[in-house]
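Thank you for making time for this today. I would like to walk you through one structure, slowly, and you are welcome to follow along on the screen.

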Amino acid sequence: MRIFPYLFLPLLLLSGLMGCARSPRYQAPEVSAPPAWKNGSSTTAPTAPPAPASVSAKQQPAIPAWWTVFNDPELTKLAEQTLGAILA
């Protein structure tokens with residue numbers, strides 16, 4: 001019975017490898033991408049976003065007050081302080 005441990009480990013490893021070999025082959029899914037992404041080059045160069053127009057102090061953009069939904073006076077105070085510092 002001394003030969004049993006020497007046969008058990010290789011058979012266990014071999015059966016594990018056989019289980020991996022029996023798995024189905026991986027098939028990559030079809031992905032539709034623009035031709036410029038596939039080739040790594042583009043026929044049209046990307047354009048930079050337009051530069052922001054200068055805004056005077058009277059024409060500051062309207063910023064939605066999303067924080068008022070929480071009805072928290074502390075949050076409202078902090079948001080107003082922050083906006084005052086940014087837009088000043």
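I will begin with how the model is to be read, then turn to the overall make-up, and finish with two places in the chain.

What we have here is a predicted model, in which local features need pLDDT of at least 70 and side-chain atom pairs count only at pLDDT 80 or more, while totals for chains, interfaces and linings use all residues. Residues are numbered from 1 along each chain as its sequence is written, and side-chain values use heavy atoms, with hydrogens and water left out.

Taking the whole protein, we find three helices and zero strands, where helices (H or I, at least four residues) and strands (E, at least two) are DSSP runs numbered from the N terminus. Of its 88 residues, 2% count as buried, and by buried I mean under 20% relative accessible area, with exposed being over 50% and partly exposed in between, for a 1.4 Å probe and protein chains only. The protein exposes about 8,800 Å², of which carbon and sulfur atoms supply 66%; such areas come from the Shrake-Rupley method with a 1.4 Å probe, and for residues only the protein chains shown count as cover.

Now to the first place, L14, which sits in helix 1, residues 3-21, and which is partly exposed because its relative accessible area is 47%.

The second place is A65, found in the loop between helix 2 (35-39) and helix 3 (73-87). A65 has 36% relative accessibility and therefore counts as partly exposed. Its C-alpha atom is separated by 8.7 Å from that of A79, 14 residues apart along the chain.
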